[in-house]
Amino acid sequence: MELESSYPPLFRRLRDSAPAIDPDNGSPTANPIPEPHPIPLIDLQRLDVEPERLGEACRELGIFRVVNHGVPLDLLTRLRSHARRLFSLPFESKQASFTTPLSYFWATPVLTPSGSAVSRGSQSVNWVEGLQVPVGQLSLLGDGDGDDDDGDDDVVTVLAGLRSLLQEYGVHLARIAKLLFQAMADDLRLDPTHSKSYLSESTGFIRLYRYLHCSKADGDMSGMEAHSDSSVLTILCEDDVGGLEFYKDEQWIRVQSAPDTLIVNVGDMLQVMSDDKYISVKHRVKVKKPEDRISLCYFVFPGQDSVIRSVKYRPFTYADFQAQVQRDVKTLGFKVGLPRFKLD
Ligand SMILES: O=C(O)CCC(=O)C(=O)O
Ligand SMILES: [Fe+2]
């Protein structure tokens, strides 16, 4: 059980005032939606043997599972348990210590380029808190070996441990993103003069998330709202609580949790690069178990000045896209996304 004092006060308040749910009618744990079609499995060591499998997964769903990814399973386990320890620290310590280059946020997943939460008026609350870590700036965090299992969880020790774990993980993620993107660029026959700047590992950041379970809340009070990612690619590692769902043919499909594998989804930038052949999949998180959920999400983007060209969209850079998203979230309360750049 996590310490109550570790939750942002907003969540404690909302949880206390949420109406209790009749367990026979609409409990978050009742009637879990099964995964009708398991998402495609991509074997990272067989990318060149079966290149069409990857293209097919991106065209049909925009989400797939990666096995044989080469990240030590022990590293994934340690990272998740380290993230859990980190979020279990008192809220006030987290707020005071998780500062630049880190961004600590809750209730919304939308941040400005400098890492502060974008306020959206009365939009619904996302039951998640997150810590954003730019992979290229990990060296600014303190030193540590990540194995400080002596129960002494002060912020400095936990952050130092996080640094060494994420440094190792970040190298694997950059390798995996590059391998996948190269195979996708081949599948799409992208012009290498453009596509070499379409994925820049130096832009990568990792978000650690803790999703709160709420036995009192209804489905709308758990998890993360429906969205597509603005990235080129997103690579997710989750624990066994699960809760990720994606949208296909007008229904939400629940993804089975498999903590030894990684889940990859196509982002908005890749959809544009593919002239809409690949799908930037709409997804959300619904925690339906009476436990908090931990996940780690890696996002990678095009090079800063890289102009993305497509027959379906006007040319733009990721910075143009991000600025438009921020304007829309501030003024409308939601991300409009790709339609803003689409040619008629
Ligand atoms: O935590 C997850 O499973 C997904 C998070 C997500 O979709 C996002 O941060 O964009
Ligand atoms: Fe997402």
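Good morning. I begin with Asn68, which is exposed, having 12 other C-beta atoms within 10 Å. The structure in question is a predicted model. Asn68 is not a glycine, yet its phi is positive, at about 55°. The residue sits in the loop between strand 2 and helix 3, the latter spanning 73-87.

A second residue belongs beside it. Asp275, again a residue other than glycine, has a positive phi near 55°. Asp275 is found in the loop between helix 7 (268-273) and strand 11. Is Asp275 buried or partly exposed? With 14 C-beta neighbours inside 10 Å, Asp275 counts as partly exposed.

One further backbone feature deserves mention. The peptide bond that joins Thr100 and Pro101 is cis, with omega at about 5°. Pro101 lies in the loop between helix 4 (91-97) and strand 3 (103-107).

Let me now turn to strand 2 and its surroundings. Strand 1, helix 2 and strand 2 together form a β-α-β unit, and this unit is right-handed. Strand 1 and strand 2 run parallel and are joined by three bridges. Within that pairing, Ile42 has Val66 of strand 2 as its bridge partner. Strand 2 also pairs with strand 10, here in the antiparallel sense and over four bridges. In this second pairing, Phe64 is matched with Val264 of strand 10.

Next, the helix of that unit. Which residues of helix 2 are buried? In helix 2, residues 51-60, they are Leu54, Ala57 and Cys58. These residues lie on the same side of helix 2, because they cover an arc of only 95° around the axis. As a general point, an α-helix has 3.6 residues a turn, so residues three or four places apart point the same way. The cover over the buried residues of helix 2 includes strand 1 (41-43), strand 2 (63-67), helix 5 (155-188) and strand 10 (262-266). The two strands that flank helix 2 in the β-α-β unit, strand 1 and strand 2, are thus among the elements that cover its buried residues. Just after helix 2 comes Gly62, which takes a positive phi of about 80°.

I come now to the ligand. What surrounds ligand 1? Its shell consists of Pro109, Arg207, Tyr209, Met224, Asp229, Leu236, Glu238, Leu244, His283, Val285, Ser295 and Cys297. Four elements give two or more residues to this shell: strand 5 (200-211), strand 7 (233-238), strand 11 (283-285) and strand 12 (293-301). By character, the shell divides into seven nonpolar, two polar and three charged residues.

From that shell I single out Glu238. Glu238 surrounds ligand 1 together with the other residues just named, and its place is in strand 7. Glu238 is buried, with 25 other C-beta atoms within 10 Å. The cut-off for that label is 20 or more such atoms, so the count for Glu238 qualifies. Leaving aside residues up to four places away in sequence, Glu238 touches Leu244, Ser257, Pro259 and Ser295. Of these contacts, Leu244 and Ser295 also belong to the residues that surround ligand 1. Finally, Glu238 and Pro38 are 200 residues apart along the chain, and their C-alpha atoms are separated by 16 Å.

To close, I return to two residues from this talk: Asn68 is exposed, whereas Glu238 is buried. Thank you for your attention.

Note on methods. Residues are numbered from 1 along each chain as its sequence is written. Chains are lettered from A and ligands numbered from 1 in the order in which they are written. This is a predicted model: local features need pLDDT of at least 70, side-chain atom pairs count only at pLDDT 80 or more; totals for chains, interfaces and linings use all residues. A residue is near a molecule or strand if its C-beta atom, placed from the backbone, lies within 6 Å of it. Ala, Val, Leu, Ile, Met, Phe, Trp, Tyr, Cys and Pro count as nonpolar, Asp, Glu, Lys and Arg as charged, and the others, Gly among them, as polar. The arc is that of the directions from the helix axis to the C-beta atoms. Two residues are in contact if their C-beta atoms, placed from the backbone, lie within 7 Å. Two strands pair if DSSP finds at least two bridges between them. A crossover is right-handed if, with the strands pointing away from the viewer, the path from the first strand over the helix to the second runs clockwise.
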